[in-house]
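Trainee: Before I use any of these labels myself, I'd like to hear how each one is earned. Can we go through them together?

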Amino acid sequence: SFPQDGPNSGTSIVRAGADSFTLTEIGVYQVLFQVSVTEAGQLILTLNGADLPYTVVGRDTGSSQIVGMALVETTAVNSLLTVRNPEGTAAALTITPVAGGTRPVSAHLLITQLQ
């Protein structure tokens with residue numbers, strides 16, 4: 001989930017829930033996300049409930065973040081975009097509240113309409 005909104009402009013990207021966003025216009029969107037997690041795992045973008053296989057990113061073990069970046073093209077208005085564990089992933093990921101220091105860390109999701 002990405003429960004807090006940051007700055008935004010325009011109306012082509014609208015929050016649909018804690019973990020989903022509506023892309024109101026047909027176009028190409030750049031999607032960037034990062035999250036610190038405790039365990040090994042993967043994340044994937046979905047569009048209208050369908051996995052976008054070219055967007056799978058992950059980490060094995062250690063202390064790195066999961067970082068993803070992809071271009072997503074919509075062909076219908078009001079397309080629903082999510083970031084989630086791919087189908088078949090055994091366990092939920094634990095977002096690390098304090099990674100590498102004493103201050104809480106945040107997960108980021110940036111969606112930019114390119115055309």
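Mentor: Sure. Let's start with Asp-5 and Arg-15, which form a salt bridge with their closest N and O atoms 2.7 Å apart. Asp-5 lies in the segment before strand 1 (13-17) and Arg-15 lies in strand 1, so the pair ties together parts 10 residues apart in sequence. Keep in mind that this is a predicted model.

Trainee: What makes the Asp-5 and Arg-15 pair a salt bridge?

Mentor: The cut-off is a side-chain nitrogen of Lys or Arg within 4 Å of a carboxyl oxygen of Asp or Glu. Here the closest N and O atoms are 2.7 Å apart, so the pair qualifies. Side chains of opposite charge can pair when their charged atoms come close.

Trainee: Are Asp-5 and Arg-15 buried or exposed?

Mentor: Asp-5 has a relative accessible area of 54%, and exposed means over 50%, so Asp-5 is exposed. Arg-15 is at 28%; buried would need under 20%, so Arg-15 counts as partly exposed.

Trainee: How many salt bridges does the structure hold?

Mentor: Two. Besides Asp-5 with Arg-15, there is Asp-51 with Arg-84, where the closest N and O atoms are 3.2 Å apart. Asp-51 sits in strand 5 (residues 50-51) and Arg-84 in strand 8 (residues 79-84), so this pair ties together parts 33 residues apart in sequence.

Trainee: Why are Asp-51 and Arg-84 called partly exposed?

Mentor: Partly exposed is what falls between under 20% and over 50%. Asp-51 has 30% relative accessibility and Arg-84 has 29%, so each gets that label.

Trainee: And why is Ser-20 called buried?

Mentor: Ser-20 has 8% relative accessibility, and buried means under 20%, so the label fits. Ser-20 is found in strand 2 (residues 20-23). Leaving aside neighbours within four places in sequence, Ser-20 is in contact with Arg-15, Leu-80, Leu-81 and Thr-82. You'll recognise Arg-15 as the salt-bridge partner of Asp-5.

Trainee: What makes strand 3 mostly covered?

Mentor: A count of residues. Strand 3 spans residues 28-35, and six of its eight residues are buried. Strand 7 is split by face: Ile-66, Gly-68, Ala-70 and Val-72 make up the covered face, while Val-67, Met-69, Leu-71 and Glu-73 make up the uncovered one.

Trainee: How do you know that strand 3 pairs with strand 7?

Mentor: Pairing takes at least two bridges. Eight bridges join strand 3 to strand 7 (residues 66-73), so the two strands pair, and they run antiparallel. One of the bridge partners in strand 7 is Leu-71, matched with Gln-30.

Trainee: Which strand pairs with strand 3 over six bridges?

Mentor: Strand 9 (residues 108-113), again in the antiparallel sense. Phe-33 shows both pairings: its bridge partner is Gly-68 in strand 7 and Leu-109 in strand 9. Gly-68 belongs to the covered face of strand 7.

Trainee: Where does Leu-109 come up again?

Mentor: In the largest pocket, which has a volume of about 820 Å³. Its lining has 24 residues, and Gln-4, Asp-5, Gly-6, Arg-15 and Leu-109 lie nearest its centre. Strand 1 and strand 9 each supply at least two lining residues, and strand 9 gives the most, with five. By class, the lining divides into 12 nonpolar, 10 polar and two charged residues.

Trainee: Which residues line the second largest pocket, and how are they classed?

Mentor: That pocket has a volume of about 220 Å³. Among its lining residues are Ser-1, Phe-2, Asp-19, Val-35, Arg-84 and Ala-107. The classes come to eight nonpolar, two polar and two charged. Asp and Arg count as charged, so Asp-19 and Arg-84 go in that class.

Trainee: Last one: what makes the phi of Asn-48 worth pointing out?

Mentor: Most residues other than glycine have a negative phi. Asn-48 has a positive phi of about 55° although it is not a glycine. Asn-48 is found in the loop between strand 4 (41-47) and strand 5, and it is partly exposed, with a relative accessible area of 48%. Asn-78 also has a positive phi of about 55°, and Asn-78 lies in the loop between strand 7 and strand 8.

Definitions and conventions
Residues numbered from 1 in each chain as written. Predicted model: local features only at pLDDT ≥ 70, side-chain atom pairs only at ≥ 80, totals over all residues. Heavy atoms only, no water. Buried < 20%, exposed > 50% of the residue type's maximum accessible area, 1.4 Å probe, protein only. Helix = DSSP H or I, 4+ residues; strand = E, 2+ residues; numbered from the N terminus. Contact = heavy atoms within 4.5 Å. 1 Å grid on protein atoms, 1.4 Å probe; cavity = no way out; pocket = protein on both sides within 12 Å on 5 of 7 lines; lining within 4 Å. Points joined across faces, edges and corners; volume = space filled by probe spheres on them.
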